[in-house]
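Let's take a walk through this model together, one ring and one loop at a time. Have your viewer ready.

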Amino acid sequence: LHFRFTLQDSGKYQLTYTTTDGERSADPFRSTITVHADDAPRVVIDKPEEEETTLPANGQLAIDGKAGDDFGVDTITLKMRLTGAAARDLPDQPFLYGTERSFRRQKDGTFPTDVDVKMSADFAAIKKDAAGLDFTPAADMVIEYWLEAADNCEPKPNVGKSAVKRVRLTPPPA
């Protein structure tokens, strides 16, 4: 017999059998199922190391990090938010070829449990915010950024988040 279903909690079960003639098994099989919790991915930004850095408003923020999960990482996304009086979300930047792609391996359907992240955010290329409104990076803006990783949990993935860091924009070099 083969069953496929998602369990949330550990528990006990029993199996009984009934023949086509209606006779039931005298001694049902009893056992325990242990469900291991599916933790959210662990995500860190290794570089830049500082909690706040400075870059020109037309610069690129290079990010190195790691994401790991007990059952497998599905997606990783760079999230950014402009802070201050005009606070607003900036567009998500998915890791892996710039699209919302899964790390699922087509060959066997598995997911990596550890992923090294190397990506960058080109501030000059950001022309719209997440809501589609015009955005122009300028000196003295502070942008918060972090990485989020989603695992392959069904029906809803667990999401892990790195520590939030900041970049303060300076005037572009002359």
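**Rings, a loop and a patch**

Phe95 is a good place to start: Phe95 is buried, with a relative accessible area of 14%. Keep in mind along the way that this is a predicted model. Phe103 also counts as buried, at 14% relative accessibility; the cut-off behind that word is a value under 20%.

How are the rings of Phe95 and Phe103 placed? A pair of aromatic rings is described by the distance of the centres and the angle of the planes. There are two aromatic pairs in the structure. One of them joins Tyr13 and Phe29, with 6.2 Å from centre to centre and 55° between the planes, and is tilted. This pair links distant parts of the chain, since Tyr13 sits in strand β1 (residues 11-15) and Phe29 in strand β2 (residues 29-33), 16 residues apart. For Phe95 and Phe103, the ring centres are 6.1 Å apart and the planes meet at 40°, so this pair is tilted too. The label follows because planes between 30 and 60 degrees apart are neither stacked nor edge-to-face.

Now look at how open the strand pair is to its surroundings. Tyr13 has a relative accessible area of 31%, so Tyr13 is partly exposed. Phe29 has 46% and is likewise partly exposed, because the class of exposed residues begins over 50%.

Another aromatic ring is worth a stop, this time with a charged partner. Lys161 lies over the face of Trp146, and the distance to the ring centre is 4.9 Å.

Next, turn to a loop. Where is Ala87 found? Ala87 belongs to the loop between β6 (73-82) and β7 (88-89). With 35% relative accessibility, Ala87 counts as partly exposed. Leaving aside residues up to four places away in sequence, Ala87 touches Arg81 and Leu82. You can also draw a line from Ala87 to Met141: these two are 54 residues apart along the chain, while their C-alpha atoms are separated by 9.9 Å.

Finally, go back towards the start of the chain. Which residues make a nonpolar surface patch of about 330 Å²? The patch is made by Phe3, Phe5 and Leu7. Leu7 lies in the segment before β1, and at 36% relative accessibility Leu7 counts as partly exposed. Leu7 can be a patch member because its value passes the cut-off of over 30% relative accessible area.

Key. Residues are numbered from 1 along each chain as its sequence is written. This is a predicted model: local features need pLDDT of at least 70, side-chain atom pairs count only at pLDDT 80 or more; totals for chains, interfaces and linings use all residues. Side-chain values use heavy atoms; hydrogens and water are left out. Rings of Phe, Tyr and Trp (its six-membered ring) pair if their centres lie within 6.5 Å; planes under 30 degrees apart count as stacked, over 60 as edge-to-face and the rest as tilted. Helices (H or I, at least four residues) and strands (E, at least two) are DSSP runs, numbered from the N terminus. Buried means under 20% relative accessible area, exposed over 50%, partly exposed in between (1.4 Å probe, protein chains only). A charge sits over a ring if NZ of Lys or CZ of Arg is within 6 Å of the ring centre and within 35 degrees of the ring normal. Contact means heavy atoms within 4.5 Å. Patches are made of residues with over 30% relative accessible area and no salt bridge: like charges are joined within 9 Å, nonpolar side chains (Val, Leu, Ile, Met, Phe, Trp, Tyr) within 5 Å. Accessible areas come from the Shrake-Rupley method with a 1.4 Å probe; for residues, only the protein chains shown count as cover. A salt bridge is a side-chain nitrogen of Lys or Arg within 4 Å of a carboxyl oxygen of Asp or Glu.
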